[in-house]
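Biologist: I am new to this structure and would like to understand how its descriptions are justified. Could we go through them one at a time, setting each value against its definition?

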Amino acid sequence: MVETALVDWSRLQFALTAAYHWLFVPLTLGLAVVMATMESVYVATGDEFWKRTTKFWMKLFAINFTVGIATGIILEFEFGTNWSNYSWFVGDIFGAPLAIEGIFAFFIEATFFAVMFFGWEKVSKRFHLASTWLTGIGAAISAVWILVANSWMQNPVGMEFNPDTVRHEMVDFWALVLNPVAVSKFFHSVFSGWMTGAIFVIGISCWYLLKGRERRFALSSIRVAAIVGIIGTFAVMLSGDSSGVQVAKYQPMKLAAAEGLEDGGTRAGFSIVPGVEVPGVLSILATHDIDGYVPGINNILEGYTTPDGERHLSAEEKMERGDIALKAFSDYRALRESDPAAAAEARALLDENVEYFGYGYIDSKEELVPPVGLVYWAFRVMVGIGGLLLLFMVVVLWAERKGRLEGMRPLLWAALLAIPLVYIAGQAGWIVAEVGRQPWVIDGLLPVKAAVSSVSVAAVQTTFWLFVAIFTLFLVIELRIMFKAINEGPKTENE
Amino acid sequence: MITYEFLQHYWWLLIALLGGLLVFLLFVQGGNLLIFLAGKSEEERQLIVNSTGRKWELTFTTLVTFGGAFFASFPLFYSTSFGGAYWVWVLILITFVLQAVSYEFQRKAGNLLGTRTFRIFLTLNGCLAPLLIGTAVGTFFTGSAFYVDKSAVGHIAAPVISRWANEWHGLEAVTNAFNVEFGLMVLFLTTSLGALYLINNIASESLAKSLRRYLAIFFALFLVMFLVVCYHLITMEGFAVDAAGEVYMEKGKYFANLLAMPAVLTMLLVGAVLLVLGVVFTLLKSEFTRGIWLSAPGTVLAVMALFLIVGYNNTAYYPSTADLASSLTIANSSSSEFTLRTMAVVSLIIPFVVAYIAYFWRQMDRNSLTTEEINEGESY
């Protein structure tokens with residue numbers, strides 16, 4: 001029996017690593033754009049002030065970048081160390097984007113980061129600028145591939161199950177890459193990084209204004225960052241909208257959980273907070289049609305028929321077909337050498353039911369419901385903070401353009417508060433995506449509990465606490481170093 | 001004709017190439033092991049840290065890509081070895097994680113632990129990473145205790161495909177002398193490469209003198225271990241595979257592979273000669289600083305040859321001592337033909353990647369690193 005404790009600790013360990021990794025990645029994605037824009041201004045105008053401004057943000061970028069790398073390598077290898085069954089069962093598909101990420105993206109980042117950081121006096125101005133952009137582009141390309149991999153887990157496409165090798169095998173590479181979920185997820189994640197970078201720069205710059213220091217530096221940085229941040233937020237909203245439609249289509253249970261929707265229907269209402277509902281809005285968000293049908297948790301468990309007549313199986317029917325698939329799989333494996341005719345029969349039965357293979361591992365239908373409260377509130381936190389931050393950045397940009405920003409001290413204080421908020425929103429987004437898809441590691445095909453490695457609970461607990469200790473230590477040190485560097489300032493005042 | 005079998009061989013060749021490049025790039029770790037040994041003053045220690053510090057991300061990225069490529073091309077190895085030899089891989093990872101932040105943190109105000117602690121992390125990684133990676137690769141020749149049963153997926157209560165046969169989860173590898181010898185050989189090699197790289201990269205006569213002394217010591221140790229490992233490779237039993245895919249023990253299998261594949265034998269010999277020449281020239285001529293550019297290709301070739309001996313010519317590259325039938329071969333552990341073919345197309349970009357890395361490496365290293373540069377420009 002796969003121990004529940006082993007599954008829970010393995011899941012917690014992965015969640016911990018991913019959450020820590022996502023503390024550092026969005027700033028890398030966003031700050032890269034902000035500082036590359038600043039360096040572009042430097043190259044275009046030749047004004048040394050912009051060079052110093054760029055260099056200051058680059059310094060903070062480097063401190064953050066390094067911890068992102070450290071947490072990232074653990075994630076990659078955890079697929080093998082803690083999810084070994086997963087690694088074989090879908091490695092034929094999942095390994096490819098990870099390898100491509102290394103070959104295409106990480107080498108760009110590694111090479112041009114070194115040129116960007118140490119090459120000011122070694123390469124030409126334009127070459128240096130190209131390196132700064134390429135560092136950011138490398139980070140974005142790496143996001144493409146890791147999100148292609150993640151999206152495949154949410155909406156598995158382009159593969160077939162092969163019972164001889166006991167794994168899913170890739171049959172269509174482009175279906176994997178152009179998976180609609182991957183496209184939305186890429187824009188949603190990368191542009192949320194732009195928001196993080198923008199809020200980070202605005203927050204620190206406003207702190208200088210509160211202190212009456214680095215005036216030109218702060219105002220110039222705010223202008224660039226607010227523009228990047230506003231563009232980013234609109235892109236996040238657009239991609240979030242298409243994400244919503246996709247979740248409704250491919251992972252209706254995740255959507256029902258995110259809405260706390262027990263019984264769905266047409267003209268489904270959107271819950272702002274429990275008890276406050278706007279009629280019809282959920283149908284619009286999920287299907288772009290006010291009369292669209294959105295199933296609730298109970299509908300999904302009990303089975304439902306959409307208005308166009310399409311019937312969706314109940315949880316019990318899916319579990320039955322999963323059992324059939326698993327049994328047919330075992331029969332096929334047992335008979336394929338001794339009795340080819342019976343094996344062919346088993347194979348046909350397996351093929352017929354393979355879509356529900358993962359349901360064979362599910363013990364009760366309650367297992368199929370993710371933690372509703374967590375997903376519901378995480379979604380509201382993400383959307384609520386996102387909206388607030390957009391408003392905030394618009395006001396900041398307006399005040400800066402009107403020359404009134406320095407006098408608006410509450411707004412400057414709000415900018416400091418916005419920094420933790422943007423991180424909370426990013427984490428909440430991933431909670432919606434990843435907690436919302438439980439119990440599946442690959443939607444419908446493999447539950448988390450069938451994906452773990454055969455290691456002891458104690459081993460996973462040990463590494464879990466080890467990672468907690470190391471990552472927390474890194475985070476504390478990173479923050480201390482950042483605060484010192486910020487306090488020291490960019491030293492642009494004499495310009 | 002590009003057959004499935006061809007693709008499996010092609011991908012093993014790429015794994016061998018990445019393995020070779022990784023061992024060469026572990027000169028970063030080797031250099032870091034010398035921080036306190038060769039660096040007699042703060043100035044010298046800082047030169048070493050800044051010199052390897054401009055290359056560490058390439059090593060790190062190669063390690064990540066090596067892992068990703070292995071995952072994509074031979075996923076059964078990824079799932080069996082990483083999930084099985086759990087502690088070895090976790091230890092390796094942790095030392096790399098400590099290394100990753102140490103450069104950036106070591107001299108920054110507010111770093112909590114102090115410069116020395118972070119340099120100790122770098123040294124720890126410099127010692128443990130090559131040693132453990134080498135020991136793990138040693139098990140490619142001596143085997144590990146595991147079972148692979150793909151039908152287990154049908155057992156609802158325990159669907160795990162790969163299981164380790166003991167509770168040590170990889171740590172037992174150190175009880176086999178050959179594995180340890182292999183690990184030490186890699187450690188002494190990477191330290192020698194580190195010394196060669198630093199001699200080439202840093203403009204400091206006093207440091208160069210000290211580095212040459214350590215090069216002599218570590219390379220002598222390497223040669224001893226290399227000969228011991230070669231002796232074992234010639235005489236030891238290997239894990240052979242017959243036409244039906246059955247694994248059996250064969251006396252002198254790895255030596256036989258070498259003789260059966262003259263190209264691989266040539267690679268090994270040319271690699272070893274280049275490696276030795278790079279060191280000998282450096283030690284004999286005090287003005288000669290380019291030894292790394294002989295020893296680096298030598299290392300890549302020699303390591304590639306070792307990977308090819310253990311993977312090609314009907315050999316199980318990741319054998320199981322607990323159950324011979326569970327042993328991994330490049331045929332039974334690879335990705336599907338479609339995936340290998342797709343990834344083969346992707347691999348065509350590799351020469352381009354290598355080319356731009358080499359170009360920028362030259363651009364950045366036109367002049368040797370000096371204390372003035374560290375003090376005036378950006379530095380760790």
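Modeller: In this predicted model, residues 24 or more positions apart account for 77% of the contacts in chain A with a separation of 6 or more.

Biologist: What makes two residues count as being in contact here?

Modeller: The criterion is that their C-beta atoms, placed from the backbone, lie within 7 Å.

Biologist: Why is chain A called as compact as a globular protein of its length?

Modeller: The radius of gyration of chain A is 25 Å, and the globule rule gives 23 Å for 495 residues, so the two values are close and chain A is as compact as a globular protein of that length. Its C-alpha trace spans about 85 × 50 × 40 Å along the principal axes, and chain A contains 16 helices and ten strands.

Biologist: What makes a residue of chain A buried, and what percentage of the 495 residues is buried?

Modeller: A residue is buried if 20 or more other C-beta atoms lie within 10 Å of its own, and buried residues make up 54% of the 495 residues in chain A.

Biologist: Which domains does the assignment give for chain A, and what makes up the contact between them?

Modeller: The assignment gives domain 1 (4-251 + 374-488) and domain 2 (265-361), and the C-alpha centres of these two domains of chain A lie 32 Å apart. The contact takes 13 residues from domain 1 of chain A and 17 residues from domain 2 of chain A. On the side of domain 1 of chain A that touches domain 2 of chain A, α8 (215-250) and β10 (446-447) of chain A each supply at least two residues, and the largest share, three residues, comes from α8(A). By class, that side of domain 1 of chain A has nine nonpolar, two polar and two charged residues.

Biologist: How do you know that the span of helix α10 (residues 205-235) of chain B agrees with what is expected?

Modeller: At 1.5 Å a residue, the 31 residues of α10(B) should span 45 Å, and the end C-alpha atoms are 45 Å apart, so the two values agree. The buried residues of α10(B), among them Leu211(B), Phe218(B) and Met225(B), pack against α3 (35-38), α4 (42-53), α9 (177-201), α11 (253-260) and α12 (262-284) of chain B.

Biologist: What makes up the side of chain B that touches chain A?

Modeller: In the contact between the chains, 65 residues of chain B meet 68 residues of chain A. The largest share of the chain B side, eleven residues, comes from α5(B), and the residues of that side divide into 39 nonpolar, 19 polar and seven charged.

Key
Residues numbered from 1 in each chain as written. Chains lettered and ligands numbered in written order. Predicted model: local features only at pLDDT ≥ 70, side-chain atom pairs only at ≥ 80, totals over all residues. Helix = DSSP H or I, 4+ residues; strand = E, 2+ residues; numbered from the N terminus. Nonpolar A, V, L, I, M, F, W, Y, C, P; charged D, E, K, R; others polar. Expected span 1.5 Å × (residues − 1). Buried ≥ 20, exposed ≤ 12 C-beta atoms within 10 Å, placed from the backbone. Domains from an automatic or database assignment. Rg over C-alpha atoms; globule rule 2.2 N^0.38 Å.
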